[in-house]
Amino acid sequence: MYEWIPSLVSFSEFDTVMSKWILDILKLFSKNSFILNKRTNTITIGLQSLSGSARFKQIKKMEHLQSNPFYEKYAKKLKDMLEFSKDEFNSRLASLLEEKKLEMKDSSKEKEFEKIPQNSQDTLNSLLNIDCIEEKSAKDIAFIWKKYFENKDSVYAIIPAEEYRELSVKTKEFPLFVYPLPRGEGYEFFVQLWNSEVCHFTPLSSYQIHKENAPVCLSLKHYTELAADKDIVLMVGTPDMNILSVQESQLLALQVKLYYGIHSALKFNHVRVFNNSPSTFDYRALITEFENYKRDVKSKQESS
């Protein structure tokens, strides 16, 4: 007969993986049995002793567990916990689960950050000798920036500092959005993700399959070093030419300005809906906006 003592420790889906890991260590050190119950979301402690063969199998797991980065930190704590009363055990196990949960979250953030390719040109000084342009006007610096990149496979811009400040506020609130690009007879959508001063893009089809592992095809780096003195922000990015042409990259950069810029007006509502009410978001509305923009540009060209 099993005499099961249900634990007071509950766990979410996120906790399940680490709970299984903790249970493996508990079984190594305890004469009791432990069960992870997904239906009731509890860890259950049983008073039945493990048989010799079962205990031998558990001990065989030791080599695998010792390779886990969390083993050294938590194994002794778990072993010590088995000597306490049921209530104290539950309390300490709950604390340990929460401690490990927070550590795993921090670790996942670091890994996610590492997956985003960082522009090796981290500072403006890696591209321009700032000491040599200190005395130059914003107009002269803009001319130098344009001349440097105009014959390269790059997207570049000189953004007024005031406009960039508003764009930065909006992208910090809503870093994620999508944009349509004309492809053949239709459109392909690209996902935007802002990370600090860098705007990354990846095809929506890749993002749906790979999520945060989706390959980045364009990163637009914004250099703010001259914002205070020269009132400009310099931007540049080089696309993956296997996925995006320079012209297509320019269209993506332009749409960032249209939806997040100082004159975005009602277009920014699409960004709000996408992030706050994704189930009601209409992708076709973005295609309509793009078609309207093309029509307006064509009309202006014909009238000039």
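Begin by selecting residues 283-303, which form helix α13. At 1.5 Å a residue, its 21 residues should span 30 Å, and the end C-alpha atoms lie 31 Å apart, which agrees. Please keep in mind throughout the tour that this is a predicted model.

**Helix α13 and its surroundings**

Next, select A285, L286 and F290, the buried residues of α13. Where do they sit around the axis of the helix? They cover an arc of only 145°, which puts them on the same side of α13. An α-helix has 3.6 residues a turn, so residues three or four places apart point the same way.

Now turn to the face of α13 directed away from this buried side, and select R284, K298, E302 and S303; these residues are exposed. To find what covers the buried residues of α13, display β5, β6, α11 (246-260) and α12 (268-276), which are included in that cover.

At the N-terminal end of α13, select D282 as well. This residue caps the helix: one of its side-chain oxygens is 3.0 Å from the backbone nitrogen of R284.

**The six-stranded sheet**

Move now to the sheet. It is open and has 6 strands in the order β4-β9-β8-β7-β6-β5, paired in the antiparallel sense. Which strands form the edges? They are β4 (155-160) and β5 (176-183), each of which pairs on one side only. On average, neighbouring strands of the sheet are turned by 20° against each other, with direction ignored.

Two helices deserve attention here. Select residues 138-149 to show α7, which packs on the sheet and touches β4, β8 and β9 (232-237). The direction of α7 makes about 5° with that of β9. Then select residues 161-173 for α8, which also packs on the sheet, with β4, β6 (186-195), β8 and β9 as the strands it touches. The direction of α8 makes about 105° with that of β4.

**Strand β7 and its neighbours**

Select residues 198-203, the strand β7. How many of its residues are buried? The strand is mostly covered, with 6 of its 6 residues buried. In a regular strand the side chains alternate between the two faces of the sheet. In β7, V198, H200 and T202 point one way, whereas C199, F201 and P203 point the other way.

Add residues 218-223 to see β8, which runs antiparallel to β7 and is joined to it by 4 bridges. Within this pairing, F201 stands opposite L218, and C199 stands opposite L220.

Then look at β6, which pairs with β7 in the antiparallel sense over 6 bridges. Here C199 of β7 is the bridge partner of W194. The strands β6 and β7 form a hairpin with 2 residues between them.

**Two loop residues**

Select S196, in the loop between β6 and β7. Its phi is near 60°, a positive value in a residue other than glycine. Is S196 buried or exposed? Its relative accessible area is 58%, and residues over 50% count as exposed, so S196 is exposed.

Continue to A265, in the loop between α11 and α12. A265 is not a glycine, yet its phi is positive, at about 50°. With 60% relative accessibility, A265 counts as exposed.

**The whole chain**

Finally, display the whole protein chain, which contains 13 helices and 9 strands. Of its 304 residues, 38% are buried. Among contacts in the chain with a separation of 6 or more, 60% come from residues 24 or more positions apart.

Key
Residues numbered from 1 in each chain as written. Predicted model: local features only at pLDDT ≥ 70, side-chain atom pairs only at ≥ 80, totals over all residues. Heavy atoms only, no water. Pairing = 2+ DSSP bridges. Axes fitted to C-alpha atoms, helices over the stretch in contact; angles between N-to-C directions. Contact = heavy atoms within 4.5 Å. Expected span 1.5 Å × (residues − 1). Buried < 20%, exposed > 50% of the residue type's maximum accessible area, 1.4 Å probe, protein only. Arc of directions from axis to C-beta. Polar contact = N/O pair within 3.5 Å; in protein donor to acceptor, adjacent residues only side chain to side chain.
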